[in-house]
Amino acid sequence: MAYIAPIHRPSSVRHAIKLNFLAPDEDCLVVAKANRLEFYTQTSDGLSLQQSRAIYGKVTMLQKLRPALSPTDHLFIGTDRFMYFTLSWNADTKQLQTEKTFESVTDNAARESQTGERCHIDPSGRFMTLEVYEGIITVIPLVPRGKKRKQEADIAHLGEPVPIRVSEMFVRSSAFLHPRSSDDKPSLALLYEDTHSQIRLKFRELSFAGGDSIDLDEGEHYRGELELGASHLIPIKEPTYGLIILGETSIGYYNDSTGDLTVEPLEDATIFVAWEHVDAQRFVFADDYGRLYLFMLVLDDDSRVQSWKLDVIGQTSRASMLVYLDAGYIFVGSHQGDSQVIRIAERSMEVVQTFSNIAPILDFTIMDMGNRSGEGQTNEYSSGQARIVTGSGAYQDGSLRSVRSGVGLEDLGLLGEMEHISNLFSLKSDFSSHFVDILLVTFVNESRVFRFDPQGEVEEVEEFAGLSLGETTLAALNLSQGRLVQITSTRVQITDLDGGMVVAEWSPSGAQTITAASANDTNVLVSLGGVTIVALSIDGGLSVVKEKTFASDSQVACIALPPTSDSICFLGFWQNSRLEICSLTTLDTITDVQISDDSVPRSLILTQIFPDQPPTLFIAMADGNVITYSMNPSTHQLFGKKSIILGTQQANFRALPRGEGLFNVFATCEHPSLIYGSEGRLVYSAVTAEKATIVCSFDSEAYPGSVAIATSEDLRIALVDTERTTHVQTLKVDETVRRIAYSPSLKAFGLGTIKRVLKAGEEIMISAFKLVDEIMFKELDTYQLSEAELIESVMRCELDNGSGDLVERFVIGSAYLDDQVAVAERGRILVLEVTEDRMLKLVCELAVKGGCRCLAMCEGKIVAALIKTIIIYDFEYKTASKPQLVKAASFRCSTAPIDVTVNGSIITIADLMKSVVAVEYKRGETGLPDTIVEIARHYQTTWATAVAEVDENTYLESDAEGNLMVLYRDSNGVTEDDKKRLKRSSEMLLGEMVNRIRRIDVVTASDAVVIPRAFMATVEGSLYLFGLITPSYQNLIMTLQSNLAELIHSPGDIPFSKFRAYKNQVREEEEPYRFVDGDLIERFLDESGEVQQKAIEGLGMDVESVRGMVEGLRRLH
């Protein structure tokens, strides 16, 4: 049974609209990203996200309506499942409210529009038109007829949709003309391509006929010729009226009163893709190459169009949608680049805000699963730390994006390069100040002091408050009454902040050394070599409260004091992994626990994570485990033990204040993590500071709320987010990154790129393979492909170097563009090596008869998927220096292979039209040739896009219509037919087309609910985690999903089961089959107690247990 949860939500913007939605007098920008709506308002700092809502369906159209008595606009939404509804905003409940829904206007006999779905409202406000199918215009009346007018004008009146057949099939663009008088019937202009591939312009008038019927008359044709590249109709408001017709080589103005068309040629041909009104005379156009134009109509004294001006004002992402905000600001929504807010100036523009977009993800690689121990390997925790590097965008918007789920770190400044920092302490030079201004940096044999002024200027000082700087500092703390305590390996001293005079001092007797120390406002606790523990009183001038020596079989591994002046201390022991809570006055045990059977406690901290809950004790074990207990403040008893693996080495803890007496805990180990409280639970999250060794809070005047972070190389000041989010880093490539492969040993990426250049108005594609450094993202070398040759696939593998050793190689598959080369040669397979100076060198190449769609390795041989066949090649050395690829076996596919996945000798092929087939590679015996034998097939028509093996004999397949399907092969089937048939075990509609699925192998706990198995990337910029549900939890999770689907309603009142039900051209189901949507399951945490109580009916678990389980599922990604 399958489970899916989003790591990165869709970021592609295809639809956006401005309206007064949230408030009557405030503009709101609504942006649609796949099945999510985002509501922004304008502030002085740019667009600010106010609300984000998921709807059950991918948004295909947005339009605004203003009902007669409504103070705000209503939002009309259409989805890819042909469901339509209007929404309003309820300011009291702060929720979206569904006003009107239409059941599906589906017409199964009609063909979906090939030029996109359109929605228009006529300027008189009487009709709305939907263009969803070829040859059908659906008209929705917005006002009731005469006597039927109802008294409910305060809600949007939408009549029943009336489909009207028209003869214009391939409509490129449509628009309502602005009427010259109120008596004019609404006139719909259609720009379409006729059966002779000629471009025509036709006008149809809309009116009410008898009864409830609507008439769309035959209308008039424009008789003249139109440019073949004409693509957009732009209606013009008063005083000019008429239409602008955008073409590739010209722009025309159509005068609707005279029927004349005035055309002027463009200086340079281009392809316009979006437009927007600025005012009655000025418009903004965007073209396919990311250029932005300002277009202005030049009028005569009678407001008639004389000519027009067109100026390029700048470069943006390739726009899919333009929305004019106000005062020269324009929102550029993009599908294949970052969305932007730009401000138009005189003949120029500037980008004032950028919204990250990683769509479309053409390919991705898993660079790091948290432990760098190898590709795809990880421990239980680090799937939340995975770093995925995507090839995103297209052409000039192409980029590499590093996507990581974790707590973000924003560098504020670098103090300098310093090595071997052992600890950091923040101090105040004035105890009455709210801010710290001193950073004490300790090394192995010295300490250094840095002073910060209110402007952030920093200087190193030779002395401060009498601190001993000639040795390492184990602990330092501001005390009340303007004093300071410092603990070094030889002494404990209290000094005066003002004069630096030593007020009190204590040193261990004999040659004993202080090896560990902890201090709070009233006491100091020191460990002398782990044998003797001494408790000192600060108020008593460092007088010894109690000294206790432990036997050689009971030595102390770590010590800690509570942050408040409590009369207890914590001792962790080497033997038996024991933890004791002792009285400070006697050092006698109050309570003790055995923490672990096989490790030792090495670091302790007690801190307040949750409001109105007992403090939490964190214990870092030597093996990388972190164990937590809650502590009863009055009895000092420990309860509620929990454990999690952070890495393989011990963690060191620091408390970071988050306000109101609460703290987060920063754990530094090989995977630095922030531990924080969320919804009553502890959340462990990776921090994007891989090299951090020591941190401390540094809440200074210049850098409020910041932290000081030491790495093995330097010291810096940074801001740490308080909670986990998905972080995206961008490397601009300015070319389409079509394929990506990662080599951990070379610490480099291999990128297959495509660049588009314009030469004399003609588009030329240039393809190359680039080697890019993983840290600097610097281009190391480029291998250019031939002219008219495009890169199709890239693979990193290990091949023989001629002397029997395996060495790293990159293998590239390419295809020639049509009609460029002789028929015999349609592509190439190239093997490249990376030399010691990190340059690319061709090892061998092979011309093939079809484009090489994908590559894989099978038992040391190269598997190449050509246009119609799968071929296995041996990589052989005929001579010591010249290897070659020799064909070993082949298999002919049903149509064309799209993707392949290999496990052992089993090769699974995703076929263009015929779903999935599994074949086995068999080596020939006694001189017989090698063969590829079909062992199982899925007998259904499915337009596959990707496949991956997610378990033994279990495959995850995606198709071009946005469905996911899990198939399995029953190798122990009763009949031969059973064994040869791939059967479905789970299926659902994702609603986004998946481009790539990559398997991951995760070692999970024995009681894990979901086992992560793969990452998926989509055209809309989403990344998903796919997992398999443990059998013992399957009924529980499915029942929870069913209950939540009934209780949680989506805008538009679309049922969840219908939204996620499998649907393609040949089959449509009623609900998802054995597939769980993690997004819905996780909404359990956001619901009220009443809803949670109803959702767990029939589960046999209490609310708290289910919350704990769902929190665990949320942590997976």
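Which residue of β8 does Leu 75 stand opposite? The partner is Leu 87. The model is a predicted one, so local features are taken up only at pLDDT of at least 70 and side-chain atom pairs only at pLDDT 80 or more, while totals for chains, interfaces and linings use all residues. Residues are numbered from 1 along each chain as its sequence is written, and side-chain values use heavy atoms, with hydrogens and water left out.

Strand β8 makes a handy starting point. Helices (H or I, at least four residues) and strands (E, at least two) are DSSP runs numbered from the N terminus; two strands pair if DSSP finds at least two bridges between them. Strand β7 (residues 74–79) runs antiparallel to β8, and four bridges join them. The two strands form a hairpin with four residues between them. On its other pairing, β8 meets strand β9 (residues 95–102), again in the antiparallel sense, over seven bridges. Here Thr 86 stands opposite Lys 100 in β9. The β8 and β9 hairpin has four residues between its strands, and Lys 94 in this hairpin takes a positive phi near 55°. As for burial, a residue is called buried under 20% relative accessible area, exposed over 50% and partly exposed in between (1.4 Å probe, protein chains only). Six of the seven residues of β8 (residues 84–90) are buried, so the strand is largely enclosed by the rest of the structure.

Some backbone oddities turn up in the loops. Most residues other than glycine have a negative phi, and most peptide bonds are trans. Phe 82, in the loop between β7 and β8, has a positive phi near 60°. Phe 82 is also buried, with a relative accessible area of 3%. His 636 has a positive phi near 60° as well, and is found in the loop between β54 (625–631) and β55 (638–645). At 11% relative accessibility, His 636 counts as buried. Then there are the cis peptide bonds. One joins Glu 238 and Pro 239, with omega about 5°; Pro 239 is in the loop between β19 (232–235) and β20 (243–246). Another runs from Ala 359 to Pro 360, with omega near -20°, and Pro 360 sits in the loop between β30 (348–355) and β31 (361–368).

Further along the chain comes helix α2 (residues 1034–1047). At 1.5 Å a residue its 14 residues should span 20 Å, and the end C-alpha atoms are indeed 20 Å apart; the expected span is 1.5 Å times one less than the number of residues. The buried residues of α2 are Gln 1034, Leu 1036, Ile 1037, Met 1038, Leu 1040, Gln 1041, Asn 1043 and Leu 1044. An α-helix has 3.6 residues a turn, so residues three or four places apart point the same way. What covers the buried residues of α2 includes the strands β87 (1023–1029) and β88 (1075–1077), along with the helices α3 (1056–1060), α4 (1078–1082), α5 (1089–1095) and α6 (1103–1115).

Ser 986 is another buried residue, at 1% relative accessibility, and belongs to strand β83 (residues 982–989). Leaving aside residues up to four places away in sequence, Ser 986 touches Met 1, Ala 2, Leu 964, Met 965, Val 966, Tyr 1073, Arg 1074 and Phe 1075, where contact means heavy atoms within 4.5 Å. Ser 986 and Pro 633 lie 353 residues apart in sequence and 50 Å apart in space, C-alpha to C-alpha.

Finally, the empty spaces. On a 1 Å grid over the protein atoms alone, a cavity is a set of points where a 1.4 Å probe fits but cannot get out, and lining residues have an atom within 4 Å of a point. Grid points are joined across faces, edges and corners, and a volume is the space filled by probe spheres set on the points. A search of the whole structure finds eight cavities of 30 Å³ or more. The largest holds about 170 Å³ of space. Its lining has 19 residues, and Asn 35, Leu 990, Glu 992, Tyr 1024 and Arg 1060 are the closest to its centre. By class, that lining has seven nonpolar, three polar and nine charged residues; Ala, Val, Leu, Ile, Met, Phe, Trp, Tyr, Cys and Pro count as nonpolar, Asp, Glu, Lys and Arg as charged, and the others, Gly among them, as polar. The second largest cavity has about 90 Å³ of space.

Key
1 Å grid on protein atoms, 1.4 Å probe; cavity = no way out; pocket = protein on both sides within 12 Å on 5 of 7 lines; lining within 4 Å.
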